[in-house]
Amino acid sequence: MNHTHLIALLVLSPVAAGLLCALIRVRPLRIATIVIEALLLMACAGLLFREGAFELTLDPEVGHRGRMAITVLDFAILLYFFFVGVARRHLLAILLSLGQLVPLAVLELSWGNAPGATPTVIVDHLAIVMILIINVVGSLICLYAVSYMDDHEHHLGLTRSRQPRFFLWLLVFLGAMNGLVLANDLLWLYFFWETTTFCCYQLIRHDATALAETNALRALWMNLVGGVAFLAALMLMGIRTGSLGLRELTAQAVAGPLGLLPVCLLSLAAFSKSAQVPFQGWLLGAMVAPTPVSALLHSSTMVKAGVYLILRLAGAVSGSVFGAVVAIYGAFVLVVTSVAALMRSNAKSVLAYSTIGNLGLIILCAAINTTLSVAAAVLLTIFHAISKGLLFMSVGAIESRIGSREIEDMDGLLERYPWLTAVTTLGALSMLAPPFGVLMSKWVALEAVPGFGPKTAALPISLLLVCGSAVTIVFWVKWIGRMLSTRPVREQKPIEKLSVFYNAPLALLLVAVIALAALISPLMKLLVLPSLGRGGAGLSAGFASIETSVGAFSTWPMLVVLGVFLLIPALMLRRNHIKARSAYMCGENIGDQPAFHSLADQPQELRFGGFYFGQVKTESRLMTWSTIIGVLLLVISFWVAQ
Amino acid sequence: MNSIPFDTLLKVALALVLAPICGGLLTGLDRILTARLQGRLGPPLLQPFFDLIKLFGKEPITSNRLQRAFIWGHLAMTMTSLGLLVMLDDLLALTIILGFASVCLVLAGFAVRSPYSYFGAQRELMVLLSCEPILLLFAIAYYLDTGSFLASSALALKTPLLAALPLAYLGLVVALAMKTRKSPFDVSTSHHAHQELVKGVTTELSGRYLAMAELAQWYELTVLLGLIALFWPRPLWVGVLLALVSYLALILLDNASARLTWRWMVRTSWSVAVSAIVLNMIGLYILRR
C-alpha cells in the first residue's frame with residue numbers, strides 16, 4: 001500500500017466511520033461500523049510498523065488545499081469555543097479563545113501563503129510506537145464502549161440513544177491523535193491539537209448533566225491555556241526562522257536569539273494536555289464522563305499527546321537548566337499526586353492521580369534526556385497505556401454492576417465478581433510488581449536519574465522519585481487488599497458472564513500485559529531502542545534480561561518465579577480442598593458467619609474499612625500548595641528558558 | 001544473554017540451603033539473649049528449627065484460600081532476592097523484589113476477613129512505606145560511590161563502602177530493625193507478648209504456611225545482613241562481623257525499648273533515616289567534586 005494512503009486511512013477513516021455512526025441511527029449497522037473500523041485501525045497500525053520509518057511531503061497542490069481546509073476548521077473550532085464561552089458566560093474561555101483567534105489570524109495573514117514545513121509527515125519509530133498505542137488500545141476501548149454505552153444508557157433510562165454522537169467524537173478523537181503524532185508541520189500539529197481539545201470537551205459533557213457541563217468547561221479552558229501557549233510558540237518561530245517544522249525546532253532551538261522560549265511554550269501546552277499540576281483539575285473532573293472516555297483520555301489519547309510532544313522536544317532541552325527544572329517539576333508532580341492518591345477512596349480518582357503521576361515520571365525522564373531515561377519514558381508510555389486502559393475498563397465494568405466507583409464498595413469483590421476482580425487485581429499488580437512493564441520502566445528510570453549530569457538537580461530528583469515510588473506501592477496494595485478480602489467458608493459462585501464486547505478487550509489487554517512482561521526484550525529491540533533516535537549506548541536487551549551500563553534486571557527468572565509461585569496457585573485455588581476455618585475472633589465467633597458476640601452477647605456483624613490518609617481538607621490543602629509550587633516551577637522554567 | 005555459569009548456580013543453591021540455617025541460628029541466638037536479658041533461661045539454640053519442623057508436620061487448615069498463594073509468593077520473592085545478592089547482581093532490582101515480597105505478605109494478611117490479620121497487614125504496609133525509601137536511597141547512594149548498581153562493584157573498591165557511606169549504613173540498620181520487627185518498630189507482628197493485635201499480620205497463618213512465613217523471615221534477615229556485609233566485603237569476615245554486631249545491637253535495642261506507633265515509625269523513617277542518607281549523598285557530591 002502507498003504510504004500516503006496508509007496515512008490517510010489512519011487519520012481520515014476514523015472520521016469517516018464516526019460520521020457514519022452519527023448519520024446511521026440503526027444499532028446493528030453502527031456496531032458493525034465500529035468493529036470494522038477498529039479492525040481497520042489495528043491493521044493500519046500493524047502495516048505502518050512493518051513499513052518502518054519514512055517521510056512524506058504532500059504535493060504542493062494537495063498541501064495547499066489541505067492547509068486551506070485546516071485553516072477554515074481551525075477558525076471554526078475556535079469560534080465554537082468562543083461561543084461556548086459566551087453561552088456559558090465563562091470569561092476565561094472567551095479570553096483564551098480570543099487569545100488564539102487573533103494570533104491565528106495574524107499568522108495566517110503573514111505566513112498563510114508560505115509553503116508548509118517539509119516534510120509534512122515524519123514517521124519515525126517514536127511515531128510508530130504512538131500509532132500502535134493509539135490504534136490498538138484505542139480501538140479496544142471503542143469496542144468496549146459498544147457494550148458499556150448500552151449498559152450506561154439503560155441505567156440512565158434514555159428513550160432516545162445518544163450513542164451516534166458519542167461514537168462520532170470517540171472515533172474523530174482517534175483520527176486526530178493519529179494526525180497529531182504523524183505531523184511534522186506544526187500548523188497541522190496545532191490543528192490536531194485543538195481537535196483533541198474539542199473532542200475531549202464534547203465527550204466529557206456527553207451526559208449533559210450540570211456537573212458534566214461544568215467539568216467539560218474546565219477541561220476546555222485549561223486546554224485552551226495550552227492552545228494559547230502553542231500558538232505563541234508558533235508566532236515566535238515564524239518571526240525567528242520562518243519555518244514551522246517540528247524537527248527544525250528541536251534541531252536549532254538553543255541557537256536562536258529567543259533561545260528555548262518556543263520550546264518552553266510548547267512544553268507548557270504539553271503540561272496542560274497531560275494534566276500536570278496546576279492543570280490536574282480537568283483530568284480529575286473528566287471522570288464524570290462515561291468510562292470509555294476516561295479510559296481513552298488516560299491511556300492512549302489526550303494526556304499521551306502531551307508527553308509525546310515533550311518526548312519530541314527532549315532533544316532541544318538536553319543539558320540546559322530548563323531541562324533540569326522540567327525534570328524537577330515532573331518529579332514533584334509524581335510525588336504530590338501519589339500522596340493525593342493515598343487520600344482518595346474513589347477508584348477513578350485514584351486511577352486519575354496515578355495517571356498524572358506516571359506522566360510526571362515520563363516528563364522527568366524525557367527532560368533528563370539520556371539514552372536510559374528516554375528509554376524509560378518510552379517504555380512507560382507503552383505500558384502505562386496498556387495497564388491504565390485495562391484498569392479503567394475493568395473498573396467501569398465493575399461500576400456498571402455494583403453501581404459505585406468507591407473502593408470501599410468493592411470490599412470482598414472477589415466473592416461477587418471473580419473475573420472482573422482478577423482482571424482489576426492483575427491490572428493493579430502490573431503497575432507495581434516486577435517484572436511487569438510499568439515497574440520495569442520505573443527501574444530503568446531509577447537507574448538513569450542518579451547519573452543525570454547536573455548533580456545539584458540529580459539529588460532532589462532522585463529523592464522525589466524514590467518517595468513517589470514508595471507511596472505508589474501503598475495506594476495500589478490498599479486497593480487490591482480491599483477487593484481480595486474474602487470470607488473463609490463460602491459457596492463457590494460461578495464466574496460472571498459478560499458480553500463479548502466487555503470480555504474481548506479486557507482479555508486482550510490482560511494477555512498484552514502478561515505477554516509484554518515476558519517479551520520485554522524483543523519489545524526493546526524492535527520498538528524502544530530505535531525510537532530513541534540514537535545508538536542504544538548504555539542500554540541493551542538480552543534474551544532474558546535488560547542491561548544498562550550501571551545494572552541489570554533478569555526478567556525471565558522473575559517471571560517464572562511470579563508465575564509458578566503466585567499466579568498458578570492463585571488460579572488453581574478452586575481445585576484445592578484444604579480444611580477451612582473461620583477467622584480468629586478471640587473465641588467470640590458466631591458459627592461460620594462473619595460476625596461475633598459483642599457487648600452483652602449481642603451479635604455484631606464484622607465490618608472492614610480501608611485506611612485513607614488525611615481527610616478531604618488535607619487533600620484540598622495539599623492540592624492548593626502543590627498548585628502554588630507547580631506554578632512557581634513553571635515560572636522558573638520560563639525564566640531560565642530566556 | 002550470557003548463560004549463567006555452573007558455579008554461580010551452585011553458589012545460589014548453596015546459599016538457598018545455608019541462609020535459613022543462618023537465619024534460624026540467629027533467631028535462636030536472639031531468643032536466648034532476649035531471655036537472658038529478661039532474667040529467663042530461654043530455649044535451646046536450635047528451638048526455632050524444632051518449631052519449624054513441627055509446624056510443617058501439622059494438618060493444613062486455612063481460613064482463606066487466596067492467602068496461600070500470597071505466602072508462596074512471599075517466600076519465593078524473598079528467595080529470589082537472596083539469589084540476586086549471591087550472584088552479586090543489581091541492588092536496585094534486589095530492593096524492588098524484596099519490596100514486592102513484602103507486598104505479598106501484606107496481601108496475605110488482607111485476604112482474610114479477620115480483624116487482627118487485617119490490622120497487621122495495614123501496619124505491615126506502613127513498614128513497607130517506611131523501609132522502601134531507605135532501601136532505594138541506599139541503592140542510589142551505593143551507585144554514587146561505586147558508579148554501578150551491581151553488588152559486585154563493592155568488591156572492587158579500594159576503600160570499603162563504609163568509609164564513604166557511614167550514614168547510609170545507619171539508615172540500612174534502621175531498615176533492618178523495621179524488617180526484622182525489632183522494637184520500637186515491631187508494629188505489624190511481634191515475637192514479644194506486648195503485641196496487642198494477637199499475632200498481627202500472621203494471625204491467620206497456621207501449619208506449613210506459618211512455617212513458610214517464618215522461613216521467609218529468615219531469608220530476609222540473611223539478605224539484609226548480606227547487604228550490610230557489602231559495606232566491608234574485603235576481607236569478608238569484617239563485613240560479616242559488622243552485620244552480626246549490627247544485629248546484636250538491634251537485639252539490645254529490642255529489649256530496651258517499647259513498641260511505638262506506626263505514625264512515629266513512618267515519621268522517623270521519612271525524616272531521620274532518609275535525611276541521614278541524603279546528607280551522606282550530599283557529602284559524597286561535595287567531596288568528589
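The following paragraphs lead through a predicted model of a structure with chains A and B, from its core to its interface, its sheet pairing and its unusual backbone positions.

The description begins with the interior. The largest nonpolar core comprises 358 residues. Within this core, the residues with the most contacts are Cys365(A), Leu107(B), Ile134(B) and Ile277(B). Helix α5 of chain B, which covers residues 115-146, gives the most to the core, contributing 21 residues. Cys365(A) deserves a separate look. When its neighbours within four places in sequence are set aside, Cys365(A) is in contact with Ser373(A), Val374(A), Ala376(A) and Ala377(A), and also with Ala445(A) and Ala448(A).

The interface between the chains comes next. Here 54 residues of chain A are in contact with 57 residues of chain B. On the side of chain A that touches chain B, the elements giving two or more residues are the helices α19 (437-448), α20 (455-484) and α23 (555-571), together with the strands β5 (552-554) and β6 (579-580). The largest share of that side, 15 residues, comes from α20(A). By residue class, this side of chain A divides into 38 nonpolar, ten polar and six charged residues.

The two chains are also linked through strand pairing. Strands of a sheet pair through backbone hydrogen bonds, in either a parallel or an antiparallel sense. Strand β6(A) is joined by two bridges to strand β1 of chain B, residues 61-62, and these strands run parallel. In this pairing, Ile61(B) of β1(B) is the bridge partner of Lys579(A).

Chain A also contains an open sheet of three strands, in the order β3-β4-β5, with antiparallel pairing. Strands β3 (539-541) and β5 of chain A stand at the edges; because each has a single partner strand, one side of each is left without a neighbour in the sheet. Neighbouring strands of this sheet are turned against each other by 10 degrees on average, with direction ignored. Strand β4 of chain A, residues 545-548, pairs with β5(A) in the antiparallel sense over three bridges. Ile546(A) stands opposite Phe553(A), which belongs to β5(A). Strand β5 of chain A is also among the elements on the side of chain A that touches chain B.

Several backbone positions merit attention, beginning with two cis peptide bonds. One joins Pro434(A) and Pro435(A), with omega at about -5 degrees. Pro435(A) is found in the loop between α18 (418-432) and α19 of chain A. Another cis peptide bond joins Ser183(B) and Pro184(B), where omega is about 5 degrees. Pro184(B) has its place in the loop between α8 (166-179) and α9 (207-229) of chain B.

Positive phi values are found at two residues that are not glycine. In Asp601(A), phi is near 60 degrees. This residue, Asp601(A), is found in the loop between β7 (595-597) and β8 (603-605) of chain A. Asp601(A) counts as exposed because 8 other C-beta atoms lie within 10 Å, and exposure requires 12 or fewer. In Leu88(B), phi is about 50 degrees. Leu88(B) has its place in the loop between α3 (65-86) and α4 (91-111) of chain B. With 17 other C-beta atoms within 10 Å, Leu88(B) is partly exposed.

Conventions
Residues are numbered from 1 along each chain as its sequence is written. Chains are lettered from A and ligands numbered from 1 in the order in which they are written. This is a predicted model: local features need pLDDT of at least 70, side-chain atom pairs count only at pLDDT 80 or more; totals for chains, interfaces and linings use all residues. A nonpolar core is a set of buried Ala, Val, Leu, Ile, Met, Phe, Trp, Tyr and Cys residues joined through C-beta atoms within 7 Å. A residue is buried if 20 or more other C-beta atoms lie within 10 Å of its own, exposed if 12 or fewer, and partly exposed in between; C-beta atoms are placed from the backbone. Helices (H or I, at least four residues) and strands (E, at least two) are DSSP runs, numbered from the N terminus. Two residues are in contact if their C-beta atoms, placed from the backbone, lie within 7 Å. Ala, Val, Leu, Ile, Met, Phe, Trp, Tyr, Cys and Pro count as nonpolar, Asp, Glu, Lys and Arg as charged, and the others, Gly among them, as polar. Two strands pair if DSSP finds at least two bridges between them. Axes are lines fitted to C-alpha atoms, for helices over the stretch in contact, and angles run from 0 to 180 degrees between N-to-C directions.
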